[in-house]
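Take a moment with the sequence and the fold side by side. The walk below starts at a pocket, then moves through helices and ring pairs.

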Amino acid sequence: MDSALTTVGLPLALVVVMLGLGLGLTPGDFRRTARQPRAVATALGAQLLVLPAVAFVLVLAFDPDPAVAVGMMLLAASPGGTTANLFSHLFRGDVALNISLTAINSVVAVVTLPVVVNLAVAYFDPTGAEGQVGLQFTKTAQVFAVVLVPVVIGMLVRARFPGFASRTDRPVRGLSAVVLAAVIVGALVAERAEIADYLLEVGALTVIFCVSSLSVGYLLPRLVGVTEKQALASAFEVGIHNSTLAIAVAISVLGDKQLAVPAAVYGIVMFPLAALTGLILTRGLGERSTRRPTPREARR
């Protein structure tokens, strides 16, 4: 997993993805959060606080290799992926909320991701006390460079040249998908001899974490009275992690391919699980919307 395709291609793919995200964002996407504070606060709370706690408990329960444990915490600290917007659109979620959450998460992750990773490194001690891997200032600056800078550039281009940004938004998004798919497929081909081992090592752990992420993302907003459409958007935002970011940080910034194993496997399992979750939730929503009211409900 440490070939030129991943060490060079992954950061480039991530830059293209984040640039495409920036081209589709405006300051209004951030201001919109003021109009739906409960939905935003709940989703961010699930993403930033609950998921790292869930990942920590799962890691303690499964007791994997220390490097894999840190990799799981890195995955948990990664923001939602841009694909969450697509899933939210397909399953009738609040796409505008997804866009706002993705924008905020991309900014906040520059601070929270290094904090979570460094705490995980200190706790699990993956390489021994003398050779610890962590996100010091220079490495945090690298995370900033590959995550936030392309988003800001994309937003500046959109603000200065809105017509150009509108024309290139869809092509750049398409290029993002192609580049990302090429890098992932290439990495899988390069690691085909070890994929089975990776799945055996963290397959069950990542599946349980993915199901937990999707469930927390949906149930927590519903418990505090958030609408169904917003809860669907939150489920996908919280459940579909930016595994590309986690892999890029693990390999290109931290220089340890074993830290990338959980994110690589998660990138495989999260899409079918997210699609299944969307089908289950929207089917339940459809049944509730078409169900005839009881006599007591009709009198209300």
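Which helices each supply at least two residues of the lining of the second largest pocket? They are helix H9 (192-223) and helix H12 (261-290). Keep in mind that this is a predicted model. H12 gives the largest share of that lining, with 5 residues. The full lining consists of Val-211, Leu-214, Ser-215, Tyr-218, Leu-273, Leu-276, Thr-277, Ile-280 and Leu-281. By class, 7 of these residues are nonpolar and 2 are polar, with no charged residue in the lining. The space in this second largest pocket is about 170 Å³.

Now step back to the whole chain. It has 13 helices and 0 strands. Read along the sequence, the pattern is α-α-α-α-α-α-α-α-α-α-α-α-α. Of the 300 residues in the chain, 51% are buried.

Go next to helix H4, residues 66-77. Its 12 residues should span 16 Å at 1.5 Å a residue, and the end C-alpha atoms are 17 Å apart, which agrees. The expected figure is 16 Å because the span is taken as 1.5 Å times one less than the number of residues. How much of H4 is buried? The count is 11 of the 12 residues, so the rest of the structure largely encloses this helix. The buried residues are Ala-67, Val-68, Ala-69, Val-70, Gly-71, Met-72, Met-73, Leu-74, Leu-75, Ala-76 and Ala-77. At the start of H4, look at Asp-65: one of its side-chain oxygens reaches to within 2.9 Å of the backbone nitrogen of Ala-67.

Helix H11 (residues 243-253) is also mostly covered, with 10 of its 11 residues buried. Among them are Ser-243, Thr-244, Leu-245, Ala-246 and Ile-247. Ala-248, Val-249, Ala-250, Ile-251 and Val-253 are buried as well. At the start of this helix, a side-chain oxygen of Asn-242 comes to within 3.0 Å of the backbone nitrogen of Leu-245. After H11 comes Gly-255, where phi is positive, near 70°.

Turn last to the aromatic rings. The count comes to 8 aromatic pairs. One of them joins Phe-56 and Phe-124, with 6.0 Å from centre to centre and 55° between the planes, a tilted pair. This pair links distant parts of the chain. Phe-56 sits in helix H3 (residues 37-62) and Phe-124 in helix H6 (residues 95-124), 68 residues apart. Are the two partners buried or exposed? Phe-56 is partly exposed, because its relative accessible area is 28%, and the partly exposed class lies between 20% and 50%. Phe-124 is buried, because its relative accessible area is 16%, and buried means under 20%.

A second pair joins Phe-87 and Phe-236. Their ring centres are 5.8 Å apart and their planes meet at 40°, so this pair is tilted. Stacked pairs have planes under 30 degrees apart, and edge-to-face pairs over 60, so 40° falls in the tilted class. This pair, too, links distant parts of the chain: Phe-87 is in helix H5 (residues 83-90) and Phe-236 is in helix H10 (residues 228-239), 149 residues apart. Both Phe-87 and Phe-236 are buried. Which residues do ring pairs link into a cluster? The cluster holds Phe-87, Phe-91, Phe-236 and Phe-271.

Terms used:
Residues are numbered from 1 along each chain as its sequence is written. This is a predicted model: local features need pLDDT of at least 70, side-chain atom pairs count only at pLDDT 80 or more; totals for chains, interfaces and linings use all residues. Side-chain values use heavy atoms; hydrogens and water are left out. Helices (H or I, at least four residues) and strands (E, at least two) are DSSP runs, numbered from the N terminus. Buried means under 20% relative accessible area, exposed over 50%, partly exposed in between (1.4 Å probe, protein chains only). A polar contact is a pair of N or O atoms within 3.5 Å; within protein, one must be able to donate a hydrogen and the other to accept it, and residues adjacent in sequence count only if both atoms are side-chain atoms. On a 1 Å grid over the protein atoms alone, a cavity is a set of points where a 1.4 Å probe fits but cannot get out, and a pocket is an open set with protein on both sides within 12 Å along at least five of seven lines; lining residues have an atom within 4 Å of a point. Grid points are joined across faces, edges and corners, and a volume is the space filled by probe spheres set on the points. Ala, Val, Leu, Ile, Met, Phe, Trp, Tyr, Cys and Pro count as nonpolar, Asp, Glu, Lys and Arg as charged, and the others, Gly among them, as polar. Rings of Phe, Tyr and Trp (its six-membered ring) pair if their centres lie within 6.5 Å; planes under 30 degrees apart count as stacked, over 60 as edge-to-face and the rest as tilted.
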